Amino acid sequence: ALFSFGEISLLQPLWDNLRLNYRDYLRSPLFPVVLTVSSYFIICLPFLVCDIMGDRWAWVQQFKLQPSRRPTASTLLHCVGVTLHNHLLLVLPASVAQWAWRPPVELPDQAPSLFGLIAGVLGNLLLFDLQYFIWHLLHHRIRWLYVTFHAIHHKYSSPFALATQCLGGWELVTVGFWTTLNPVVLRCHLLTTWVFMVVHVYVSVEDHCGYDFPWSSSRLIPFGIYGGPSKHDVHHQKPNTNFAPHFTHWDKIFGTHSDFSFSTAKAVS
Ligand SMILES: [Zn+2]
Ligand SMILES: [Zn+2]
């Protein structure tokens with residue numbers, strides 16, 4: 001008991017506030033779905049505004065990875081259509097099933113430690129990175145898998161935020177399955193799980209946003225260990241490279257890493 005003060009997490013006041021004031025919302029099996037879907041659209045919004053403003057915001061356009069290419073109204077509408085279609089046919093039924101059959105979760109009294117939260121988010125990103133790397137490599141190397149499930153995501157060789165969820169149903173189900181199951185396998189605290197889910201939505205949208213801002217994750221994380229928007233943009237230009245969604249180590253190990261970009265190639269010549 002003498003040292004018990006040291007065991008109180010820095011996150012305890014935040015956690016107490018959440019579980020005392022928003023208990024019923026947080027316990028609902030629907031909460032993770034509402035959290036990820038709403039954070040997706042909120043995170044997409046500023047990038048969408050940058051695309052719409054275009055050359056009127058020249059200071060933003062200097063960070064565009066493929067400056068000559070911008071989504072049109074019809075490409076944006078196509079992605080919104082695919083996203084709505086997936087959400088009505090897959091996400092909504094899955095949510096209703098969860099809501100009907102899963103009991104409300106119990107909120108623990110104790111918050112995770114700050115270190116535990118960061119380690120949990122990092123562990124989840126690393127695990128997902130490996131799973132998706134394997135899935136992604138197979139869906140490019142096996143023609144039938146590519147055509148049937150992944151080709152839709154490669155409709156656009158110049159990605160933009162809303163292209164993130166321009167996915168086939170099978171890909172969305174696989175990604176949703178891992179992001180739901182992994183935090184349970186890694187025995188993460190609920191708060192850690194939710195933070196991971198929002199961070200994962202953010203880095204996935206950033207991967208597709210089409211801009212390499214000074215604050216992009218690949219620039220904030222040193223030594224090139226994180227791929228971020230510039231590397232995933234290259235995957236959409238040269239689809240047999242950069243299969244990992246987040247970190248660069250798997251592509252470096254398997255020899256599929258590439259820094260090439262058509263836009264920089266043009267700038268050099
Ligand atoms: Zn992509
Ligand atoms: Zn791909």
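This report covers two zinc sites, one helix pair and three arginine or phenylalanine residues.

The model is predicted, so local features need pLDDT of at least 70, side-chain atom pairs count only at pLDDT 80 or more, and totals for chains, interfaces and linings use all residues. Residues are numbered from 1 along each chain as its sequence is written, chains are lettered from A and ligands numbered from 1 in the order in which they are written, and side-chain values use heavy atoms, without hydrogens and water.

**The zinc sites**

Donors here are N, O and S atoms within 2.8 Å of the metal (3.2 Å for Na, K and Ca); water is not among the atoms, so sites may look incomplete. The table lists the donors of each ion.

| Ion | Donors | Distance |
|---|---|---|
| Zinc ion (ligand 1) | His153 (NE2), His208 (NE2), His232 (NE2), His236 (NE2) | 2.0 to 2.1 Å |
| Zinc ion (ligand 2) | His136 (NE2), His140 (NE2), His150 (NE2), His154 (NE2), His235 (NE2) | 2.1 to 2.2 Å |

Take ligand 2 first. Its donors follow the spacing H-x3-H-x9-H-x3-H-x80-H along the chain. His136 lies in helix H6 (residues 114-141), and His154 in the loop between helix H7 (143-150) and helix H8 (169-185), so this pair ties together parts that are 18 residues apart in sequence. Helices are DSSP runs (H or I, at least four residues), numbered from the N terminus. His136 is buried, at a relative accessible area of 0%. His154 is buried too, at 13%. Buried means under 20% relative accessible area, exposed over 50%, and partly exposed in between (1.4 Å probe, protein chains only).

Now ligand 1. Its donor residues are spaced H-x54-H-x23-H-x3-H in sequence. The four donor atoms subtend angles of 92 to 159 degrees, which makes the arrangement irregular. Four donors would count as tetrahedral if all angles lay between 85 and 135 degrees; four count as square planar and six as octahedral if opposite donors are over 155 degrees apart and all others between 65 and 115; anything else is irregular. The zinc ion (ligand 1) and the zinc ion (ligand 2) are separated by 5.8 Å. His208 sits in helix H9 and His236 in helix H11, so the pair ties together parts that are 28 residues apart in sequence. His208 is buried at 6% relative accessibility, and His236 is buried at 4%.

**Helices H3 and H9**

Helix H9, home of His208, also packs against another helix. The axes of helix H3 (residues 31-53) and H9 come within 9 Å and cross at roughly 30 degrees. The crossing is right-handed. Contact means heavy atoms within 4.5 Å. On H3, the contact residues include Phe31, Leu35, Tyr40 and Phe47. On H9, they include Trp194, Met197, Tyr202 and Val205.

**Three further residues**

Arg19 lies in helix H1 (residues 12-21). Arg19 is buried, with a relative accessible area of 18%. Its side chain makes a polar contact with the side chain of Asp16 (3.0 Å). Leaving out residues up to four places away in sequence, Arg19 touches Leu26, Leu107, Pro108 and Asp109. A polar contact is a pair of N or O atoms within 3.5 Å; within protein, one must be able to donate a hydrogen and the other to accept it, and residues adjacent in sequence count only if both atoms are side-chain atoms.

Arg187 has a positive phi of about 55 degrees, although it is not a glycine. Arg187 lies in the loop between H8 and helix H9 (190-208) and is exposed, at 77% relative accessible area. Phe223 has a positive phi of about 65 degrees and is not a glycine either. Phe223 lies in the loop between helix H10 (217-220) and helix H11 (228-237) and is exposed, at 78%.

Note on methods:
Axes are lines fitted to C-alpha atoms, for helices over the stretch in contact, and angles run from 0 to 180 degrees between N-to-C directions. A crossing is left-handed if the near helix is turned anticlockwise from the far one by less than a right angle, and right-handed if clockwise.
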